[in-house]
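Here's a quick walk through how a protein sits against two DNA strands, with a stop at one of its pockets. Have the sequence and the model open as you read.

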Amino acid sequence: MIISSFPKFRRALLAWSAAHGRDLPWRRTRDPYAILVSEIMLQQTQVATVLSYYREWLRRFPDVRTLAAASASDVLHAWQGLGYYARARNLHAAAKIIVEQHRGTFPTSAEEIRKLPGVGRYTANAVATFAFDHSLPIVEANTARLLARLLNLQLRIDSTAGQQHLWSLATGLLPRHNAGTHNSALMDLGALICTPGQPNCPACPVREFCTAVHPAKLPLKKPRTELKQLTEHHSYIRRNGSILLEQSTDRWRGMWIFPRLANPPAAAPLHQSHFPFTHHRVALRIFKTKAPRGMAANQKWTKVEEVEQIAMPSPHRRALRELLAASAAGSCRNTSSYVNFNTR
DNA sequence: AAGCCGGGGGT
DNA sequence: ACCCCAGGCTT
C-alpha cells in the first residue's frame with residue numbers, strides 16, 4: 001500500500017460499507033457501557049454467538065450502575081455458556097470501578113478506558129472509536145487478516161513484529177473524522193469479503209490496493225499445539241429433590257459443577273461425554289455415589305427446580321439436563337438404572 | 001515469547 | 001476432525 005493512495009482506499013471502503021455493511025445492535029447506540037459490553041463479549045467469540053447474550057445482558061443490566069450493584073453469581077449466570085468467564089468477572093469489576101472511582105461517568109479517553117480490567121489495546125480503542133468517534137486504530141481478527149493480505153505480510157500475525165506492521169497500517173489508514181464508521185467498515189470487509197477460507201476477491205472494493213499473491217494462504221499463524229487427552233470424574237449425588245453441587249475454585253471459578261471425584265468407582269458411569277477445552281479433549285465421567293457425611297465449604301444442595309438459576313459451565317449443564325431427563329423417564333418406567341454412554 | 005482461558009459455528 | 005472467532009492476562 002502506498003501512502004498517497006490511502007484517501008482513495010478509504011473512499012472505496014466507505015462506499016462499499018454503506019451498501020453492504022452489517023447492521024448490528026451495538027452499532028445502533030453510542031452508549032459506551034453497551035459498547036463495552038459488546039466488545040468484551042466479542043473477544044474470541046463470533047458475532048452470531050454474542051447476539052442473544054448481548055440483548056439479554058442489557059435487559060438484566062441496562063446500565064453501569066445496575067451491573068455494579070449486581071451479585072457475582074447473577075453476573076456469571078448471565079455469562080453462562082459464553083466461555084472465558086474471566087471476561088464476566090472483569091466486566092463486573094470494571095463497572096464497580098466506573099461507579100466508585102469515576103462517579104458513574106464512563107471515561108472518555110482510550111488511555112483511561114484501557115486501565116479497566118479485561119480491556120487491552122484493541123478493546124480500549126474500539127470503545128473510544130465507536131462510542132466517542134475518536135480517531136484510533138483497531139486490529140482484531142477481521143482487520144488483521146485484511147491488513148495482512150493488503151501488505152502480503154510474510155510475518156506471523158501473532159508475532160510481535162507482525163502485530164507492529166498491522167497496527168502501523170491501521171494507524172496510517174485512519175481518517176481524521178468518522179473513524180468509527182471507517183473502523184466498522186474494515187471489520188465488515190474482513191468478515192464478509194476477506195474471509196479466512198476463500199476470500200471473495202472479485203467482490204472486494206479495495207482489490208486494486210491489495211498486494212497479496214496467494215490471499216488464501218494468508219495470514220500466517222503459529223501452528224497450534226497438539227491436543228491432550230484428559231479424563232475427569234465427578235459425582236452425581238441426589239437426596240430428596242436436591243443435587244449436591246460444588247463451586248469451582250480453579251477452572252470455571254465461581255461456577256457450579258458436579259463434585260470432583262478423586263477415586264472413581266469401578267462401576268460404570270451414569271454419564272459420559274467429551275468436550276474440548278483449550279488444547280485438551282476432556283472425557284467427562286459422572287458416577288452415582290453416596291451422599292458424604294459432611295459437606296465441603298464450597299458445596300451445597302440445590303433443589304432440582306432451582307438448578308437453572310445457578311451458573312454452570314456448558315459440559316456440566318448438558319450432563320445435568322441429560323441426567324435429570326433420564327431420571328424423570330426412568331421413574332415413570334420404574335427402572336432403577338439409566339446408564340447413558342454419550343460418547344460422540 | 002509462550003501458555004492459558006470456553007464454547008459454538010462452519011467446513 | 002479440524003479451523004476459526006471484534007483478546008487479555010500471567011508467567
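What follows covers the two DNA strands in turn, then the pocket.

A word on ground rules: this is a predicted model, so local features need pLDDT of at least 70 and side-chain atom pairs count only at pLDDT 80 or more, while totals for chains, interfaces and linings use all residues. Residues are numbered from 1 along each chain as its sequence is written, chains are lettered from A and ligands numbered from 1 in the order in which they are written, and side-chain values use heavy atoms, with hydrogens and water left out.

Let's start with DNA strand C. It has 24 residues around it, with Trp26, Gln44, Thr123, Glu140 and Arg145 the closest; a residue is near a strand if one of its heavy atoms lies within 4 Å of it. Of the strand C atoms that come within 4 Å of the protein, 65% are sugar and phosphate. The nearby surface splits into nine nonpolar, seven polar and eight charged residues. Here, Ala, Val, Leu, Ile, Met, Phe, Trp, Tyr, Cys and Pro are nonpolar, Asp, Glu, Lys and Arg are charged, and the others, Gly among them, are polar.

On to DNA strand B, which has 18 residues around it; Tyr84, Tyr85, Thr160, Phe277 and His279 come nearest. Sugar or phosphate holds 62% of the strand B atoms within 4 Å of the protein, and bases hold the rest. Helix α12 (residues 314-333) gives the largest share of this surface, three residues; helices are DSSP runs (H or I, at least four residues) numbered from the N terminus.

Some polar contacts (pairs of N or O atoms within 3.5 Å) are listed below.

| Residue | DNA partner | Distance |
|---|---|---|
| Glu39 side chain | base nitrogen, strand C | 3.1 Å |
| Thr123 side chain | phosphate oxygen, strand C | 2.7 Å |
| Asn142 side chain | phosphate oxygen, strand C | 3.1 Å |
| Tyr85 side chain | phosphate oxygen, strand B | 2.9 Å |
| His279 side chain | phosphate oxygen, strand B | 3.1 Å |
| Gly81 backbone | sugar or linking oxygen, strand B | 3.4 Å |

Finally, the second largest pocket. A pocket is an open set of points on a 1 Å grid over the protein atoms alone, where a 1.4 Å probe fits, with protein on both sides within 12 Å along at least five of seven lines; lining residues have an atom within 4 Å of a point. This one has 16 lining residues, and Ala72, Ser73, Leu76, Gln247 and Gly254 lie nearest its centre. Helix α5 supplies the largest share of the lining, six residues.

Conventions:
Helices (H or I, at least four residues) and strands (E, at least two) are DSSP runs, numbered from the N terminus. A polar contact is a pair of N or O atoms within 3.5 Å; within protein, one must be able to donate a hydrogen and the other to accept it, and residues adjacent in sequence count only if both atoms are side-chain atoms.
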